[in-house]
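Student: I have a structure open on my screen and I'm not sure how to read it. Could you walk me through it, one feature at a time?

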Amino acid sequence: MFDVAWQVPPRTSRMPAGWYFGDASPFDEAVASPADAVAVERHHEYLVRMSLDKVVPAEVSAKARAVWELARKAVPGLPVPIAVAYDGGPIHYTWDNGRQVIALEALSGNQPCEWYVSDRQSGQFDGGDFDLSSGLPEPVLATLNEYLLPHPTGPTDGNR
Amino acid sequence: MATGDEQATPISPGSDGTPVPAGTAVIRLGPKPPLKNLNDPGHAKLALGQAWEGLFAFSESERKLASPRLSVWLTALTTPAQAWLLVGANWKNVILVNLRVDQVRIVFAPGTASTPETPRLDVVWEQATTVDSNDPLQRISETRPGCQGHCGIDGLYRGTKAQRGKLRELLTDTVQPGDLVVLTDEQIAQFQAAVTSA
């Protein structure tokens, strides 16, 4: 179950080194299959590596882990997003199933995270900032919840 | 009436910020972001030759520039081998994306009730620079072969955050099958041979 220790701290709080890099996550129950578990573990290793290799500051890696945890808690079975780490930040996540695009960014320092959602079919799109302490914005949650639903314009089992 | 025998008008670089000719093509060539900065789904996407909007994001340091541009090279003036040398001759980690200037220029983000639509993206000339070997903190004009083809995709960082996301998404949608490749060691070895013999 969700453990208080794993709740996302306010963005102004200082995260101890390795705070997100410890033992099993309380969100592991959201993993749908052993294959997913491997993918999730590989993604966590990637986030640690981006920090250890100093591609991004440790807090960016930790924020990206927190963003991912929030997303997969919201949608169990959600595939690991495509992640790109830019030197110094951000770590940029993308889910794209052909119809919906969801992008989330973890930036350095006290900067809020950024979000973007789009529906190619309807032409609707939106975006902005969010604080981890407030959870994912409602439009992101709504789009994530639709992401795995069958639809005629693209695959439903992960990134396009 | 076109006969097919016409000589193409040579392209000369324009001044910084002016549009490159219509009907041309550009390449975006790594190493930014390097392959090691992608996770497994990113590598899987590249293996399919597909782009995604995160590939066209700016780093935080680039976002501090007044008008960040996405660095690209006009294929009429810069060969892929030259571009490879000019961006650092990285033996690995090289993603090459072909983009058609006319299609890039179609891209804009629609407006909302409170914000106007963005201007269309443009591809503009930009002087290539390189690190000064005498002072690594300084950049000087690039002079090596192929540097004349340097240009930038302008306008990706305009508008609201929602519009910036839309601009990245629509730019990504201009990338057609076959436009994105991860260069093989053999291709890079050919680049090395080409720039060495030139």
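Student: Let's begin with burial. What percentage of the 198 residues of chain B count as buried?

Tutor: In chain B, 38% of the 198 residues count as buried. A residue is buried if 20 or more other C-beta atoms lie within 10 Å of its own, exposed if 12 or fewer, and partly exposed in between, with C-beta atoms placed from the backbone. For chain A, 44% of its 160 residues count as buried.

Student: Before we go on, where does this model come from?

Tutor: This is a predicted model, so local features need pLDDT of at least 70 and side-chain atom pairs count only at pLDDT 80 or more, while totals for chains, interfaces and linings use all residues. Residues are numbered from 1 along each chain as its sequence is written, and chains are lettered from A and ligands numbered from 1 in the order in which they are written.

Student: Okay. How many helices and strands are there in chain A?

Tutor: Helices (H or I, at least four residues) and strands (E, at least two) are DSSP runs, numbered from the N terminus. Chain A has three helices and five strands, and along the sequence they follow the pattern α-α-β-β-β-β-β-α. Chain B comes to six helices and eight strands, in the pattern β-α-α-β-α-β-α-β-β-β-β-α-β-α.

Student: Why can I call chain B as compact as a globular protein of its length?

Tutor: You compare its radius of gyration, taken over C-alpha atoms, with the globule rule, which is 2.2 Å times the number of residues to the power 0.38. Chain B has a radius of gyration of 17 Å, close to the 16 Å that the rule gives for 198 residues, so it is as compact as a globular protein of that length. Its C-alpha trace spans about 60 × 50 × 40 Å along the principal axes.

Student: Now the sheets. What holds strands together in general?

Tutor: Strands of a sheet pair through backbone hydrogen bonds, either parallel or antiparallel. Here, two strands pair if DSSP finds at least two bridges between them. In chain A, five strands make an open sheet in the order E1-E2-E3-E4-E5, with antiparallel pairing. E1 and E5 of chain A are the edge strands, each pairing on one side only.

Student: How many bridges pair E3(A) with E4(A)?

Tutor: Six bridges, in the antiparallel sense. Look for Ala103(A), whose bridge partner in E4(A) is Tyr116(A).

Student: And which order do the strands of the chain B sheet take?

Tutor: Six strands of chain B form an open sheet in the order E4-E7-E2-E1-E3-E8, again with antiparallel pairing. Its edge strands are E4 (122-125) and E8 (180-182) of chain B. E4(B) is joined by four bridges to strand E7 (residues 150-154) of chain B, and Val124(B) stands opposite Gly152(B) in E7(B).

Student: Could we zoom in on one residue? Is Ile102(A) buried or exposed?

Tutor: Ile102(A), which lies in strand E3 of chain A, is buried because 24 other C-beta atoms lie within 10 Å. Two residues are in contact if their C-beta atoms, placed from the backbone, lie within 7 Å. Leaving aside neighbours within four places in sequence, the contacts of Ile102(A) include Trp95(A), Val117(A) and Tyr147(A).

Student: Which residue makes a good contrast?

Tutor: Try Lys54(A), in the loop between H1 and helix H2 (58-74) of chain A. Lys54(A) counts as exposed, with 10 C-beta neighbours inside 10 Å. Its phi is near 60 degrees, a positive value in a residue other than glycine.

Student: What is special about the peptide bond from Gly89(A) to Pro90(A)?

Tutor: That bond is cis, with omega near 0 degrees. You'll find Pro90(A) in the loop between E1 and E2 of chain A.

Student: Last one: how many residues of each chain are in contact across the interface?

Tutor: Chain A puts 32 residues in contact with 22 residues of chain B. On the chain A side, H1(A) gives the largest share, five residues. That side divides into 17 nonpolar, ten polar and five charged residues. For that split, Ala, Val, Leu, Ile, Met, Phe, Trp, Tyr, Cys and Pro count as nonpolar, Asp, Glu, Lys and Arg as charged, and the others, Gly among them, as polar.
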